[in-house]
Structure formats: structure tokens, C-alpha cells
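Ready for a few exercises at the desk rather than the bench? Have the structure open beside you, try each task, and then read the solution.

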Amino acid sequence: MHTSTTSTVPLEPWTIEQLQQATHGYWLNDKKHEGKIKRILTDSRHAEAGDAFLALKGERFDAHDFIAQVAEKGCGIAIVSQPVDADICQLVVEDTRLALGHLGAYRRQQNSQLKVIALTGSSGKTTTKEMLGSILSRLAPTLVTRGNLNNDLGVPMMLLELRAEHQYAVMELGASHQGEIDYTSNLVQPHVAGIINIGTAHLGEFGGRDGICRAKSEIYSHISETSIVPAADDYAEQIRAAVKTEKTLSFGQGGDVYATDVELHPQSVTFTLNTPQGSKTVNLPFAGEHNVQNATAAVAFSLAIGISLNDIVAGLEQAVGAKGRLNFIPHKEFLFIDDTYNANPSSMRAAAEVLAQQQGIRVMVTGDIGELGSSAAIEHYKLGRDLVSVKGINFVVAVGEFAPAAQEGARSTQYGKKMQAFLNQEQALPFLIDLIETHHPQPMSFLFKGSRFTHMETLMAALMEKL
């Protein structure tokens, strides 16, 4: 699945004065560019007349090499960090990556009507963001981070899509290194922001959960109104210590916003939502107890920007999950649950609990989890041990380099026989087909999940095709 990085909606145009003002650059070959600039883009393949092409430098590429090409396509302006020998009007800036940030920040400052929410966390960010999008877009035009545009390039690119009619923006901020969230939350200038949780995603980059907590807590440095904090997180104390605003709102057990009377159904959850504004019953169209936690987070963010409880509940009950996030797909007499968008150890365990709620023979198919650094083998071992121990799961099929480590973990329990390990998808597919033939005509439920790079959706599609 490829997330589109280009918007389909017409963007607010730029003048050449605004470009220079935002980036503090200087013009070269200034053939007095006529008219407005319709958009700023970083992908040379989509360049056309009326665009300004911003040339980024990566570790393996330098988009300055494509400037002659975009000029041929009719693109009239290039934003560069060194002048290029090409027949195009050039805005020379110190660093194009930072210039993209300046342009995003400029767009944000121009839209003073906006109420901005920013959120980060180790798992549940995307689902919480989708819930917030559902709550707010019922009320007014809302800009919501698309796909995984949540890093130091993605965040300013989302900000470039702000238009005068937007009343709300929900920005997801990711961290792959210290300082990144400090940078992106400064661009976003949120009214309300906070951390959903501190898990074990990206352990490798941060050398442990303390480092993850420090990196995510940078979000609290740039909030103008209310800080949102998780009440029941292991790191709740460290998170609270990072808060700088007078106003805070907490969610989860022991917090200002929390759930009681939780009833889990195969594809949904019912619970009582308790808030400082009163209590209400919510029928949430998402499976799993972890999504109740995501919902209480979404409620806290919404209350903090002044949304009424009735509007919040209506928005939650209409919310739709993102693609590849616990999507239920009935296929012939089988149920397939597509949770292939991404994975970390805590979301993998949460997915297992959802599968355990389903009908028939329950089969969990897992790919490797990335970004765990030197703790990868032990984390997969613990995961294998825990997944086979979930009551109601009949088989776990682990696929990938760390599948043997997961199988070792499974064998440390009395349920070791539930797990099969395969090094690749080609080896796993015949086993899955065999499993179906053995249990036919009993109903079966399959859940597929792994980190993005494992492309577990490919294995799911291959199995569905064989049925």
C-alpha cells in the first residue's frame, strides 16, 4: 500500500514575495516569474507548469540533479540550496529541508482561524488521529495527517495543504531521533497536544523506553493551551514532568476521561464514557480494548479544544479505521482481519486479543517487527511466548528472520505446538492452505499483521486467491 503524498484538492497559491519571505532566500535568474505559484512539490515526477520544485537532498539522492528535467516539464521555479545550471527561476536558500519547514510554518501562521491538535505515541497514533478526524470533520473542514506524513518532511508538507476554510487540523508527529518532535511541533504550533503512550516501537533508535519518552515529550514544549497526558501509562510521571502549560487533561484509568462498563464484541466495543462534562454510552465501531484507550485519548483532545460531548460521541460512532488497521474482510466462509499497516510489540498483543474474540478456528499470521535494534531477538521470543498463551487462539504462524526466535518463546510455554515458524511467505503459504483443508468446513478467522517492510498483505492476498 502506497500512501499518496500529493493532495487532490486545489491548494492555496503562493506569490514569489511570500516564498522569499518564508524561506529568507534570494532570487537567481529572476526572469520575473509571472502569476501565482499553484503548489510547492518535492517529487519531480509530478512537476508541471505553475509549480515550484523544492530540491531535497537525501543520503542516496540529490533532487538538484532533476532540476533541468522539471524545467522541461514547464515548472517555472526551483527552490535550491546551491545554484544550478538550468534555465529556471531559482530561489536559493541555506538548506532546502529547513526551507520546507519554514514554508510549512509560514502557511500555519497565515491560518490564524485554526484550532490545531498534535499527537504522538508509540502505538495507536493513526487510529486516534482517524477518530479525531471523524469527530471534527462533522463540524467543520479539517486537515488530518495522511498516511505516514508525520516526520520532519511529512509534517511541513501537510501544513502546505492548509486552506482558509480549514477550522481544525489534526497533526500526527512521529519520532525517529531526538529533536525531531521538538522541530515538528514548533512548526505546527498546536493549541492542544500530547502523548498517547510510551511503548516499545523504535527501541533501536532510542536505546530504550527512557529515550523514547524523552523524544516524545518534546511535544510539550510548544503548546499554547492544554497538554494531554495518559493517566495510566508506565511513564505517566515522566510525561507529567515535561508538561509546561497550566491546563492539562488526562485520559485512561484514573484520568479525567475514562471508560467503564466495557463490553467487547467481535467487531466493536460498547462502553460508558466518563468525562468532566458528564457520562455517555458509546458504541465504538472498532474492535479491541486498546481502541477504547485510543477513543478516550481522542475525547480528551476534543474536549480540550471545546467540542461538546454530544458531538464527540456522534463522531466516534461514525469513525472508520485506516486501511490495514484491523479491517474486517469476510471472504467466502472465512473472516480475514487485515492489520498489516504496521506493528510493534504492544499492537501485536492487542491484535491477538481482537482475534480471540472472533468465531471458529483462529489463526494469527505474524511478520517480523522492525526497529527493535539489539533487542529484536528477545522481543520476538517474548512475543511468541505471549501470543500462543492468548486464550482462544488456535494457531500462530510466524514468518520472517525472527520467526525462529518467536517459536523458541512459544516452546517455553505449554502451548508450543500452536506455533509454526517460516523464514518467508512462500514457505508459509502451503502450510496455511493445508490448515484450511484440514479444518474445512469449520468457520475460520485469520489475522495478518507485521511491520510495514514485511508486506504481510501480500501473503493475505495470496491465501485469499487460493480459496
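**Exercise 1. Find the charged partner of Arg163 and say how far each side chain is buried or exposed.**

Solution. Keep in mind that you are working on a predicted model.
- Step 1: Look for the partner. Arg163 makes a salt bridge with Glu165, and their closest N and O atoms are 2.9 Å apart.
- Step 2: Check the cut-off. A salt bridge needs a side-chain nitrogen of Lys or Arg within 4 Å of a carboxyl oxygen of Asp or Glu, so a pair at 2.9 Å qualifies.
- Step 3: Turn to accessibility. Buried means under 20% relative accessible area, and Arg163, at 14%, is therefore buried.
- Step 4: Do the same for the partner. Glu165 has 38% relative accessibility and so counts as partly exposed.

**Exercise 2. Work out which parts of the chain are tied together by the salt bridge between Asp339 and Lys449.**

Solution.
- Step 1: Confirm the pair. The closest N and O atoms of Asp339 and Lys449 are 3.0 Å apart, and the two form a salt bridge.
- Step 2: Place each residue. Asp339 sits in the loop between strand 16 (334–338) and helix 12 (345–356), while Lys449 belongs to strand 20 (residues 444–449), so the bridge ties together parts 110 residues apart in sequence.
- Step 3: Add the surroundings. Asp339 and Lys449 are both buried.

**Exercise 3. Describe the salt bridge of Asp386, and then find the network that involves Glu130.**

Solution.
- Step 1: Name the partner. Asp386 forms a salt bridge with Arg349, with 2.8 Å between the closest N and O atoms.
- Step 2: Locate both ends. Asp386 is in helix 13 (residues 376–388) and Arg349 in helix 12; the pair links distant parts of the chain, 37 residues apart.
- Step 3: Compare with the cut-offs. Partly exposed lies between 20% and 50%, so Asp386, with a relative accessible area of 24%, is partly exposed. Arg349 is partly exposed as well, at 26%.
- Step 4: Look for shared partners. Lys129, Glu130 and Glu172 are joined into one network by salt bridges that share partners.
- Step 5: Put these pairs in context. The count for the model comes to 16 salt bridges.

**Exercise 4. Which residues surround Glu180, and how far away is its nearest side chain of opposite charge?**

Solution.
- Step 1: Place the residue. Glu180 is part of helix 6 (residues 180–188).
- Step 2: Look for a charged partner. Glu180 is buried but has no salt bridge, and Arg97, the nearest side chain of opposite charge, is 6.7 Å away.
- Step 3: Search for another polar neighbour. A polar atom of the Glu180 side chain lies 3.0 Å from the backbone nitrogen of Asp152.
- Step 4: List the contacts. Beyond neighbours within four places in sequence, Glu180 touches Asn151, Asp152, Gly174, Ala175 and Glu218.

**Exercise 5. Is helix 10 largely enclosed or open, and what span does it have?**

Solution.
- Step 1: Take the span. Helix 10 (residues 289–304) has 16 residues and reaches 23 Å from first to last C-alpha, close to the expected 22 Å.
- Step 2: Count the burial. Of its 16 residues, 13 are buried, so helix 10 is largely enclosed by the rest of the structure.
- Step 3: Step past the end. Just after helix 10, Gly306 has a positive phi of about 90°.

Notes. Residues are numbered from 1 along each chain as its sequence is written. This is a predicted model: local features need pLDDT of at least 70, side-chain atom pairs count only at pLDDT 80 or more; totals for chains, interfaces and linings use all residues. Side-chain values use heavy atoms; hydrogens and water are left out. Helices (H or I, at least four residues) and strands (E, at least two) are DSSP runs, numbered from the N terminus. Buried means under 20% relative accessible area, exposed over 50%, partly exposed in between (1.4 Å probe, protein chains only). Lys and Arg count as positive and Asp and Glu as negative; His and the chain ends are not counted. A polar contact is a pair of N or O atoms within 3.5 Å; within protein, one must be able to donate a hydrogen and the other to accept it, and residues adjacent in sequence count only if both atoms are side-chain atoms. Contact means heavy atoms within 4.5 Å. The expected span of a helix is 1.5 Å times one less than its number of residues.
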